[in-house]
Amino acid sequence: MALFWSDVKTEPKRRYRFTLGFSNKGLQNEIPLWTVKTAAKPKATVSTIEHQFMDHIFKYPGRVTWDPITVTLVDPVDPDLSWQFLNVLGKGGYKYPTTSEVSEKSLSKKAIHDAMGDVFIKQIDDLGTPIETWRLVNPFITSVDFGGQLDYSSDEMNEVTVEITFDWAELTQTQDKGRTQTAASKG
C-alpha cells in the first residue's frame, strides 16, 4: 500500500486557489476577482439540547445555524469597492435620511438580494477548474469596514472588509470526469 502523500494523484485543496463571485452579473462585473484577498468558508453550528434525568445528562442535536463569513478585498481606485458595497446597501433600501419621506424607507431582504444575488466561493484546482463550490443562499451585508484607519506612516493598500450573513450554504463538489454532486440536497 502506497503512502497517501507519495501518490501523485493525491492533491490537497489549496487555500490560495479560490474565487469569490456574485450571481448578480452587474455586481460581478464591478467587483473583479483580483480584488479579493481573503474569504472565510461557511461554518455551520449545531445547537445542543440537554435533558437531565436524575444524575445523568443526555444531549440531543438542535438547530443548524450558519455563521456569517468575512471577505477582505483590496480597494482599487477603479473600480471603487467602497462605492460598490455602499451602492448595494442603497439598492437594498438604505437611503441617507435627508427628508422625512426618505427616512421612512428601510432595507429589504429581497432588494438586497436583487442587488447582490447569491455569493459563490469556489475552490479550484491547478487548472482553474472548480473542485468545490459553496453557494450562500439569500445573503446580505451585515457589516462593511471601508478601510479602517488611514495612516501617514503606512504604505499598505487600502482594504474593504465585508461581513455577509445568509440563510444556508450549499456545497457542490465536482467529481472525476466533471460529474457534480450537492451535499444535503435531498430529503
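Which residues touch the most other members of the largest nonpolar core? In this predicted model, that core has 27 residues, of which Leu 73, Phe 85, Met 116, Ile 141 and Val 162 touch the most other members. The briefing below takes up the core, then an open four-stranded sheet with antiparallel pairing, three aromatic pairs, and some backbone features, including a cis peptide bond from Asp 78 to Pro 79.

**Nonpolar core**

- Helix H2, which covers residues 81–91, supplies four residues to the core, and this is the largest share that comes from one element.
- Val 162, one of the residues that touch the most other core members, is in contact with Ile 69, Thr 70, Val 71, Leu 73, Phe 85, Ile 141, Ser 143 and Val 144, once its neighbours within four places in sequence are left aside.
- Among these contacts of Val 162 are Leu 73, Phe 85 and Ile 141, which are themselves named with Val 162 and Met 116 as touching the most other members of the core.

**Open sheet**

- The four strands of the open sheet follow the order E2-E5-E9-E8, and their pairing is antiparallel.
- Strand E2 (36–39) and strand E8 (140–145) stand at the edges with a single partner strand each, so that one side of each has no neighbour in the sheet.
- From one strand to the next, the twist of this sheet averages 20 degrees.
- Strand E5, made up of residues 69–74, runs antiparallel to E9 and is joined to E9 by six bridges.
- Within the pairing of these strands, Val 74 stands opposite Glu 159 in E9.

**Aromatic pairs and cluster**

- Three aromatic pairs are found in the structure, and one of them, formed by Trp 66 and Phe 166, is tilted, with 6.2 Å from centre to centre and 45 degrees between the planes.
- Because Trp 66 lies in strand E4 (residues 56–67), whereas Phe 166 lies in the loop between strand E9 (159–165) and strand E10 (168–174), this pair ties together parts that are 100 residues apart in sequence.
- Phe 166 has a relative accessible area of 5%, and is therefore buried, the cut-off for that class being under 20%.
- Tyr 94 and Tyr 96 form an edge-to-face pair, because their planes are at 85 degrees, with the ring centres 5.9 Å apart, and the edge-to-face class takes planes over 60 degrees apart.
- Of these two tyrosines, Tyr 94 is partly exposed at a relative accessible area of 38%, while Tyr 96 is exposed at 54%.
- Trp 66 and Phe 166 also belong, together with Trp 134, to one aromatic cluster.

**Backbone features**

- Most residues other than glycine have a negative phi, and most peptide bonds are trans.
- Against that background, the peptide bond from Asp 78 to Pro 79 is cis, with omega near 5 degrees, and Pro 79 is placed in the loop between E5 and helix H2.
- Met 54, although it is not a glycine, has a positive phi of about 55 degrees; Met 54 is located in the loop between strand E3 (43–53) and E4, and is exposed, with a relative accessible area of 68%.
- Asn 138, which is not a glycine either, has a positive phi of about 55 degrees; Asn 138 lies in the loop between strand E7 (130–137) and E8, and counts as partly exposed at 27% relative accessibility.

Terms used:
Residues numbered from 1 in each chain as written. Predicted model: local features only at pLDDT ≥ 70, side-chain atom pairs only at ≥ 80, totals over all residues. Heavy atoms only, no water. Phe/Tyr/Trp six-rings, centres within 6.5 Å; stacked < 30°, edge-to-face > 60°. Helix = DSSP H or I, 4+ residues; strand = E, 2+ residues; numbered from the N terminus. Buried < 20%, exposed > 50% of the residue type's maximum accessible area, 1.4 Å probe, protein only. Pairing = 2+ DSSP bridges. Axes fitted to C-alpha atoms, helices over the stretch in contact; angles between N-to-C directions. Core = buried A, V, L, I, M, F, W, Y, C linked by side-chain atoms within 4.5 Å. Contact = heavy atoms within 4.5 Å.
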